[in-house]
Amino acid sequence: MKLRTLALLPLLVLAGCKPTAKEIKIGVSAPTTGSISATGQSAKNAIALVQDEINAGGGVQVGDKQVKVRFILEDDEDKPESTATVFQKLINQDRVLAIVGSYTSKCSNAGAPIAEASGIPVVSPWSTNPNVTKGRKFIFRACFIDPFQGRVVAQFATSKLKAKTGAVLYDVASDYNKGIAEVFRDEFTKMGGKIVGFETYNTKDTDFSAQLTKIKGSNPEVLFLPNYFNEVPLQIQQARKLGLTAVMLGGDGWDNPELVKLGGKVMDGNYFSNHYSPDIDNPIAKGFIAKYKARFGLVPDAAAALTYDSANLILKAVATAGKADSKAIRDALAATVGFQGVTGNITYGGGGDPVKGAVVIKVEDGKFVFDSAVNP
Amino acid sequence: MSTQPQPEHTAPPPEPGQSKVRFWMVCALILALALPLQLSVDAGLFPDVLNPYYLHLLTIIGMNIILVASLNLLNGYLGEFALGHAGFMAVGAYTAALLATKALPSAAALPPVLGTCIILVVTLGGAMLMAAGVGYLIGLVTFKTVGDYLAIITLGFNMIIVNAIQNMDFVGGPRGFTGIPKNTNFLAVAVCALLTLGLLRNLIQSSFGRVWVSIRENAIAAELMGVSIARAKNWAFTIAAAFAGLAGGLWAQNQQFITPRSFDYIKTTEILVMLYLGGMASLSGSILGVVAYTLLMELLRNLLSTFAPQLAEWRMLISPLILIIIMLTRQTGLLGNREWRWLRPRQGA
């Protein structure tokens, strides 16, 4: 009998969590536990920074009065089913006006239908899969999508490095790698280059000598490796051993300190595209990085920078809309032009994917150094 | 990992026929509550008390009850340690998703309520058939093995299923399956969960169920009595897989997005935790285990975010701790080998 009475307790507590008025609430769905909890931690830090910044100035201007902002962060454990629950809670129980999140594309794909059905605008900082925003009115993102990077690197290779011939070696079992590789091939050819090698391997392969020997035969000027940081150093080491002199290029999968730890000297002089670079010459980014460093003792990564931008995009949309109404915020977001963020300028051209630039980073003496910005 | 259950019938056995009436009364009561609940949430009545978030939790509880109760068939009644339940769920989820998006017209093209019902019956039927087929094959392969070996083989099958889906481009591969229509709601899940419980309850009381329990208690003795162990096991695998497929089909059409990695061994482990929390060889335990686990996780989320937001990350540490304490104090789970009266076998029938 005791168990039966206990079973009623949760309902009472759930019903007791009533929303309080007179502040603007924005939800955050981030993986603060689970396999990518480091990303969730970056998100949490960036959100804390945004909240303190906006409330120190009295809050966000809504119509003729200033309203304080409260971010409600929930852990989605990097699981789609938990993300669905988190979105339900944020929307229906906390009554948030908008949501920042989620991070991985699989989680955003599970949360997006719920937000779309409830008419709550969502800005995902980190989901690069094109499907997340496709056919949806209320879902936006602050990052570029996967295929864009292929174009960025192709443009960098042809105009900056003046490369005429290029080769690609990529992981055929992963959609991320495959998508970027194919776009690079098409764009590089369109920009007047010639693809002399297009080789594949499978996730967790460690011997690439067969493919690299074949590539060596055609002696390309650049070799594009759109793979993750844990495999790239091995590929470059083997390529150099075979006498390949090509400049190595990569995508945001390279953005991890492990890259130079694993590769060492062999990584120097190579380039990769990324969302942002900590030493980019941009006053907003400089201010953000200084504040972040002072408060958390860390250099912010791309996830932190993109979270900061996503939250500010929403706050700006609230101010533009002039009322605390999700539909109006969505319309203001969709009409965003030239928003100046840490990761560059963001403009929404109709859909939920931003028109924004990328940066190219050079590896020098084991450090990531900003090389150039590429705008579409 | 087979358990040696201690029968603990505390209450006096009920009169013949009484439990059947009780069962139908409970089913009727749950449906009588579920229907107005679904309708009023859809209509947006009383948004503070009846909000879609709670309904979402109840929907998840319903789907998990189907999963845990069907795994109980293998791990509780048959006494095996099967570790591949999420694999069957994946088969069901992808089958239902494919049927709903590629083969069937959208619900909008059909008459409103009836159309959704037809779609659900077809997709869930397909999901159960497909999962049952896979379960039958796995049962064929595993009939010679017991204990830890069976655990490894079923775990292997779970991995094979997940990896195979990851390499199929037409279902989205590693990126997942997007754009599944939302055909499932709480009411559909409640009906399916009750049907599952009713069917399993009757099966367990039938000669099938007694054969399974006899294999668990003493396989050699059962074989001496003329029980075909291979066939009985194969039936258990097929039936359990079919219900896992049903849960998967509901899951896919509720979440509208599925990804192969949601169905890996971590999901299986979660089902196992709920099963052991509730208790083996008890359908009541399966229900209570799911309800306790789901509410514990969500309650902690709500309590922490309301009263101690700085502790929110400790949720994943506090909840396993509570589970450990429960398991230490109640070693057969909350309701191991005991049944609520409405689910209890008819005595003397």
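The exercises below work through the predicted model of chains A and B.

**Exercise 1. Compare the two chains by secondary structure and overall dimensions.**

Step 1. Count the elements. Chain A holds 12 helices and 17 strands. Chain B has 12 helices and zero strands. Read along its sequence, chain B therefore gives α-α-α-α-α-α-α-α-α-α-α-α, with helices and strands taken as DSSP runs.

Step 2. Check chain A against the globule rule. Its radius of gyration is 22 Å, and the rule gives 21 Å for 376 residues, so chain A is as compact as a globular protein of that length.

Step 3. Do likewise for chain B. A compact globule of 349 residues would have a radius of gyration near 20 Å, and chain B agrees at 20 Å.

Step 4. Add the boxes along the principal axes. The C-alpha atoms of chain A fill roughly 75 × 55 × 40 Å. The C-alpha trace of chain B spans about 55 × 45 × 45 Å.

**Exercise 2. Describe the side of chain B that touches chain A.**

Step 1. Start with the count. Contacts link 29 residues of chain B with 28 residues of chain A.

Step 2. Assign them to elements. Those giving two or more residues are α2 (52-77), α11 (283-307) and α12 (315-329) of chain B. The largest share, seven residues, belongs to α11(B).

Step 3. Sort by character. This side of chain B has 11 nonpolar, 12 polar and six charged residues.

**Exercise 3. In what order do the five strands of the open, parallel sheet of chain A lie, and which are its edges?**

Step 1. Read the order. It is β4-β1-β5-β6-β7 in chain A, with parallel pairing.

Step 2. Find the edges. β4 (69-75) and β7 (139-141) of chain A each pair on one side only. The twist averages 25° from one strand to the next.

Step 3. Look at one pair inside the order. β5 (residues 98-101) and β6 (residues 122-124) of chain A pair in the parallel sense over two bridges. I99(A) stands opposite V122(A) of β6(A).

Step 4. Place a helix on the sheet. Helix α2 (residues 37-56) of chain A lies across β1 (24-30) and β4 of chain A. α2(A) runs at about 170° to β4(A). Angles over 145 degrees count as roughly antiparallel, so α2(A) is roughly antiparallel to β4(A).

**Exercise 4. Classify two helix pairs of chain A by angle, handedness and contacts.**

Two packed helices are described by the angle between their axes and the distance between the axes.

Step 1. Take α5 (residues 146-160) and α6 (residues 175-190) of chain A. They pack at an angle of about 40°, with axes 7 Å apart. α5(A) and α6(A) are therefore oblique to each other. Their crossing is right-handed.

Step 2. List who meets whom. From α5(A) come residues including P147(A), V153(A), A154(A) and A157(A). From α6(A) come residues including Y176(A), I180(A), V183(A) and F184(A). The contact of α5(A) with α6(A) divides into nine nonpolar, four polar and three charged residues.

Step 3. Take α11 (residues 302-321) and α12 (residues 326-334) of chain A. Their axes come within 8 Å and cross at roughly 110°. That makes α11(A) roughly perpendicular to α12(A). The crossing is right-handed.

Step 4. Inspect the contact. α11(A) supplies L313(A), A317(A), V318(A), T320(A) and A321(A). α12(A) supplies A328(A), I329(A), A332(A) and L333(A). The contact of α11(A) with α12(A) has eight nonpolar residues, one polar and no charged.

**Exercise 5. Analyse the pairing of β16 and β17 of chain A.**

Step 1. Determine the sense. β16 (residues 358-364) and β17 (residues 367-374) of chain A are antiparallel, over seven bridges. V360(A) stands opposite S372(A) in β17(A).

Step 2. Examine the connection. The two strands form a hairpin with two residues between them. D365(A), in the turn, has a positive phi of about 50°.

**Exercise 6. Locate two backbone features in loops of chain A.**

Most residues other than glycine have a negative phi, and most peptide bonds are trans.

Step 1. Find the cis bond. It joins G101(A) and S102(A), with omega about -15°. S102(A) sits in the loop between β5 and α4 (105-118) of chain A.

Step 2. Find the positive phi. D78(A), a residue other than glycine, has phi near 60°. D78(A) lies in the loop between β4 and α3 (80-93) of chain A.

Technical notes
Residues numbered from 1 in each chain as written. Chains lettered and ligands numbered in written order. Predicted model: local features only at pLDDT ≥ 70, side-chain atom pairs only at ≥ 80, totals over all residues. Contact = placed C-beta atoms within 7 Å. Helix = DSSP H or I, 4+ residues; strand = E, 2+ residues; numbered from the N terminus. Nonpolar A, V, L, I, M, F, W, Y, C, P; charged D, E, K, R; others polar. Pairing = 2+ DSSP bridges. Axes fitted to C-alpha atoms, helices over the stretch in contact; angles between N-to-C directions. Parallel < 35°, antiparallel > 145°, perpendicular 65-115°, else oblique. Left-handed = near helix turned anticlockwise from the far one by under 90°. Rg over C-alpha atoms; globule rule 2.2 N^0.38 Å.
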